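User: I'd like a close look at one part of this model, the helix packing towards the end of the chain. Please take your time and connect it to the rest of the fold where you can.

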Amino acid sequence: MTSRTVSSRSFAALVGALALVFLAGCTETNTEYVERPQFNPPPDSVNGYMGYYDAATQQTTCGNCHVSYQGQWIDTKHADAYDDLVNSGFTQPYCFGCHTVSSAGNTGAASGEPGGYGVVQSTAYHDVQCESCHGPGYTHVSSPSTNNHPLARAGLEDTAQTCGGCHSGVHAPFVEQWSQTGHADSAANASQAVNTASGCPACHEGRTALARFNGEPSHYIEKDSVGFITTLPPATCAVCHDPHGSPYEGQLRLPVDAADLSTNLCMNCHNRGTTPATNFSNSTATVTKRGAHASQGPILLGAGAGYIPRNFVYDSTQAFTSHASVNNPRLCAGCHVNSFTVTDAATGAFVLQSVGHLFSPDPCLDATGQPVADNSCNHLPASNRNWTGCLNAGCHASADVAASALVNDSTIVKNLANQLWNDLDPTLNTGLEPYMSTGDAGYLRNVLFGFNGQPANPTVGGVQAFNANDNVVSPAEGALFNVMMFADNLYGHNDGSYGVHNPFYYQALLSASINEVRAVYGPLYGAPPSQGVQAMIDKALSRPGVRYTPPTGQMKLSAAR
């Protein structure tokens, strides 16, 4: 482009030129200033990868127009990928494809042929730049149009053309681990009808979740694709991580160290259905009533989860610390996202770099020491699992100590939960939605079906114990909600931590629920807790931060409760 406008940066040169004209007398000179084109000829002219406009300053060609993205990207690890590799001391020829602009991880991978740095080892292709994800940019920069804008993929259906083109393999098995988790298939776990009706897409459908987290329009290949489940699972890499950069660790879209349900990345989704709806009641063989759906965030923080019995207060600022303490500043991620190296037991040779994207704080191990998705192995002996997530904070002295603490907590929770509902008839249950039957045990079973001459499903103070149509959560229904949320075998959407997320909150809320049920419906609906269980209840309700006034006699409730 030609410019005849004098800019401030060329003013001195213009003065000099005028002086020469004056001195030359009869000599006449016309000067034109020609701006440099905003892109260079691509070193790999066959595939059209542009790379850096100025390698010395790391100014990308794309960034000449997309200035804000250039500003974000320059502070990411992607912008240092080449130097990090060279300075690592572990450089191998096969590494460069993922530390430069190449055909790895973008649409250029479709051909199966090398591109960019794989063809021309130019400094213009150093680091992981825009085209590493978006693909070749020459067509767009030479004739800019919305019709030829190279878009990246947000899904992982074609691994080679996505983040998985580089973030996979034994050194970085992000995709392999992620693909075995609920984050990879929870779109399939929520039917289209339910999603549309209840707002589930905010967490269960990737396009909706990405729009919510990003806060501004995003453009990617799958955005307008037809289909619901197959196009973009909910928590692909780009849903949680911003490829362009962010102020948070790991280029996350939201912080993981914020003890706030509205701003913490994990808690933005793991904070759903945490209190009982007014139509919550017991399930039957033909009618399923859902309990808590994703209550992990509020449980971890000790606030806002579960049904709160009368006279019960849990002050999280005074209560004993849980896993949301200062020793675990990364909260959910502090335990659930941890890396560790697996080596051969006999030779010490490298086997795998686990990257924590199974999202298990204590994954089960196979015979070679590699983590597996099936997390049903026993917690003891501790050698069955990897306990890196529990040891990093320094609170647990060893894997044995951590494993023993977990087993102890889970035993207490099981004993308390069994007082309310002990599911002795699991073969009657449908999938992940158990329901109480006459073959079960516990106070709630006895209240529902009658016990010791007492009527079934009694009404106290005008409120029936179990009634989904009265728009009132009775003490029995509230206790049922709590035990389904906390117990490890009564509900498919339980908290799932065996009490570990917040053992003191677990124990206090279950204990208060037990006391309230016995007070409201009378002691004849079951024998008093054993001496050992009663000691657990008393201890749970006497800890710092727990304020609870035991009810005296049989309470009379009103429908306005």
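How do helix 15 and helix 19 lie to each other, and why is that the description?

Analyst: Happy to walk through it. This is a predicted model, in which local features need pLDDT of at least 70, side-chain atom pairs count only at pLDDT 80 or more, and totals for chains, interfaces and linings use all residues. Residues are numbered from 1 along each chain as its sequence is written, and side-chain values use heavy atoms, with hydrogens and water left out.

Helix 15 (residues 399–420) packs on helix 19 (residues 531–540) at an angle of about 105°, and their axes are 10 Å apart. Helices here are DSSP runs of H or I with at least four residues, strands are E runs with at least two, and both are numbered from the N terminus. The axes are lines fitted to C-alpha atoms, for helices over the stretch in contact, with angles from 0 to 180 degrees between N-to-C directions. Because of that angle, helix 15 and helix 19 are roughly perpendicular to each other (under 35 degrees is roughly parallel, over 145 roughly antiparallel, 65 to 115 roughly perpendicular, and the rest oblique).

On the side of helix 15, the contact (heavy atoms within 4.5 Å) uses Ile-412, Asn-415, Leu-416 and Gln-419, while helix 19 brings Val-533, Met-536 and Ile-537. Sorted by class, the contact of helix 15 with helix 19 holds five nonpolar, two polar and no charged residues (Ala, Val, Leu, Ile, Met, Phe, Trp, Tyr, Cys and Pro count as nonpolar, Asp, Glu, Lys and Arg as charged, and the others, Gly among them, as polar).

Helix 19 also packs against helix 18, at an angle of about 115° with axes 8 Å apart. Helix 18 and helix 19 are therefore roughly perpendicular to each other, and helix 18 passes helix 19 in a left-handed crossing (the near helix is turned anticlockwise from the far one by less than a right angle; clockwise would be right-handed). From helix 18 come Gln-507, Ala-508, Ser-511, Ile-514 and Asn-515, and from helix 19 come Met-536, Ile-537 and Ala-540. This contact of helix 18 with helix 19 divides into five nonpolar, three polar and no charged residues. Met-536 and Ile-537 thus appear in the contact with helix 18 and in the one with helix 15.

Next comes the other partner of helix 18. The axes of helix 17 (residues 475–486) and helix 18 (residues 503–521) come within 9 Å and cross at roughly 155°. Helix 17 and helix 18 are therefore roughly antiparallel to each other, and this crossing, too, is left-handed. Helix 17 contributes Pro-475, Ala-476, Ala-479, Asn-482, Val-483 and Phe-486; among their partners in helix 18 are Tyr-505, Leu-509, Ser-513, Glu-516 and Tyr-521. By class, the contact of helix 17 with helix 18 has twelve nonpolar, two polar and one charged residues.

A link back to earlier sequence runs through Gly-273, in the loop between helix 11 and helix 12. Gly-273 touches Phe-481, along with Gly-291, Ala-292 and His-293, leaving aside residues up to four places away in sequence. Its C-alpha atom is 9.0 Å from that of Arg-290, 17 residues away along the chain. At 41% relative accessibility, Gly-273 counts as partly exposed (buried is under 20%, exposed over 50%, partly exposed in between, with a 1.4 Å probe and protein chains only).

The loop between helix 11 (237–240) and helix 12 (296–301) also holds Gln-251, which is buried at 14% relative accessible area and has a positive phi, near 55°. Leu-331 in helix 13 has a positive phi as well, near 50°, and is buried at 4%. Leu-380 and Pro-381 are joined by a cis peptide bond, with omega about 0°. Most residues other than glycine have a negative phi, and most peptide bonds are trans.

For the wider setting, the protein chain has 19 helices and ten strands, and 45% of its 561 residues are buried. Of the contacts between residues at least 6 apart in sequence, 61% join residues at least 24 apart.
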